[in-house]
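Thanks for agreeing to look over this one with me. My notes follow as numbered points, so you can check each against the model.

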Amino acid sequence: MLRRPRRNRQSENIRRLTQETTISNDDLIFPMFLTEGNNKAIEIASMPGIYRFSSDLLLKEIEDCSKKGINTFCLFPQIEESLKDKHASESHREGNIYLSTIKKIKKEFPHITIMTDLAMDPYSSDGHDGFVENGNILNDETLIILGKMALAQARAGADIIGPSDMMDGRVGYVRELLDNEGFINVSIMSYTAKYASAFYGPFRDALESAPKSGDKKTYQMNPANSREALIEAELDYMEGADFLMVKPALSYLDIIKLLHDNYDLPIAAYNVSGEYAMIKAAAQNGWLDGEKTMIEILLSMKRAGAKVILTYFAKEFAELKGY
Ligand code: PBG
């Protein structure tokens, strides 16, 4: 036999020499949940090891993660029911818990990069990402609210705006508003191909943000479609997005690859709450090795073409002593 592929697998050193993909802390964004109050760290039942933090403890957690090598965070707020309304007006009220926490983080830790979530659902009494009228999600009316929210986030010091709402035209709309206010260096990481997925369940528990009626299928994509992702990617590219994101990640590795092969922008993958919960649940039952599974799925996202991974495993990965 002239060709013996096993020769390249024969020792740890040779396997490392021939390893095509690696994961680094630099690739990871840690999504975090913020709640009101002081000294609060409430573990999310369906996401073991992940907490809703009050802003004081969130700052401590960020400091701890940063010492371990994680320096980029994406924040999601849990908003009291009494502050929610149809227009998500709390989302751009100056001094709200989200904006004031971003300000504090940027002041105390200027080297930390903060990505925001741009969508109405945490603040909406309808629990939808867009403005609801007679059961319909109105696209262009939503853009106006998203625009106000994006500007408020940029003024608070956000580095990357993350539109997760899937309204048409929002990247271009927000880009223009940001530029007009001088925020030319605030990036946009567009949730380009965000699918209507059951894997978001634990996240909606964490924020109590599930839709009060209906589902998100008129704006999030049909899991059966891949070519449609190219339409979304083309629009986001033309509208000025800096990163293209695919979400969820694991069941959509083909979409990550598709966007990677067709666009030269950095591709991000969102390893979502349900993907985290599945592994944690199985590991807690002793049904699989949680650490090895974590590494394998993160590698699969990198191999498919993601440069950036948003993952609830970020801190755990950073705590590994090699892999
Ligand atoms: C909503 C939003 C969702 C997630 C991030 N932003 C859920 C949804 O669309 O209902 C999900 C993240 C996760 O599951 O980890 N704007």
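Which residues does serine 124 touch, not counting residues up to four places away in sequence? Serine 124 touches Lys84, Asp85, Ala88 and Lys212, where contact means heavy atoms within 4.5 Å.

1. A word on the ground rules. This is a predicted model, in which local features need pLDDT of at least 70 and side-chain atom pairs count only at pLDDT 80 or more, while totals for chains, interfaces and linings use all residues. Residues are numbered from 1 along each chain as its sequence is written, and side-chain values use heavy atoms, with hydrogens and water left out.

2. Back to serine 124 and its loop. Serine 124 is found between E5 and E6; helices (H or I, at least four residues) and strands (E, at least two) are DSSP runs, numbered from the N terminus. Serine 124 counts as buried because its relative accessibility is 1%, the classes being buried under 20% relative accessible area, exposed over 50% and partly exposed in between (1.4 Å probe, protein chains only). Serine 24 is 100 residues away from serine 124 in sequence and 36 Å away in space, C-alpha to C-alpha.

3. Aspartate 126 sits in the loop between strand E5 (113-118) and E6. At 17% relative accessibility, aspartate 126 counts as buried. Leaving out residues up to four places away in sequence, aspartate 126 touches Lys86, Val132, Pro211, Lys212 and Ser213. Lys212 is thus among the contacts of aspartate 126, and Lys212 is also one of those of serine 124.

4. Now the ligand. It is surrounded by 18 residues, and the closest are Arg204, Lys216, Lys247, Ser273 and Tyr312; a residue is near a molecule or strand if one of its heavy atoms lies within 4 Å of it. For polar contacts (a pair of N or O atoms within 3.5 Å; within protein, one must be able to donate a hydrogen and the other to accept it, and residues adjacent in sequence count only if both atoms are side-chain atoms), three side chains deserve a look. A polar side-chain atom of glutamine 220 is 2.8 Å from an oxygen atom of the ligand. Aspartate 129 places a polar side-chain atom 3.1 Å from a ligand nitrogen atom, and lysine 247 does so at 3.4 Å from a nitrogen atom of the ligand.

5. Where does lysine 247 turn up again? Lys247 is among the residues closest to the centre of the largest cavity, together with Asp121, Lys194, Tyr200 and Phe203, out of 17 that line it. The structure holds one cavity of 30 Å³ or more, and the largest has a volume of about 120 Å³. On a 1 Å grid over the protein atoms alone, a cavity is a set of points where a 1.4 Å probe fits but cannot get out, and lining residues have an atom within 4 Å of a point. Strand E9 (187-194) and helix H6 (201-207) are the elements that give two or more residues to this lining. The lining divides into seven nonpolar, three polar and seven charged residues.

6. Please check the backbone at three places. The peptide bond from lysine 247 to proline 248 is cis, with omega near -10 degrees, and proline 248 lies in the loop between strand E10 (243-247) and H8. Asparagine 134, in the loop between strand E6 (131-133) and strand E7 (136-138), has a positive phi near 50 degrees. Glutamate 208 also has a positive phi, of about 50 degrees, and its place is in the loop between H6 and helix H7 (227-239). Most residues other than glycine have a negative phi, and most peptide bonds are trans. Asparagine 134 counts as exposed at 76% relative accessibility, whereas glutamate 208 is partly exposed at 48%.

7. Last, some helix residues. Isoleucine 256 is found in helix H8 (residues 253-262) and is buried, with a relative accessible area of 0%. Its contacts, not counting residues up to four places away in sequence, include Val246, Ile267, Met301 and Gly305. The C-alpha atoms of isoleucine 256 and glycine 305 are separated by 6.0 Å, though the two are 49 residues apart along the chain. Lysine 280, in helix H9 (residues 273-284), counts as buried at 16% relative accessibility.

Key
On a 1 Å grid over the protein atoms alone, a cavity is a set of points where a 1.4 Å probe fits but cannot get out, and a pocket is an open set with protein on both sides within 12 Å along at least five of seven lines; lining residues have an atom within 4 Å of a point. Grid points are joined across faces, edges and corners, and a volume is the space filled by probe spheres set on the points. Ala, Val, Leu, Ile, Met, Phe, Trp, Tyr, Cys and Pro count as nonpolar, Asp, Glu, Lys and Arg as charged, and the others, Gly among them, as polar.
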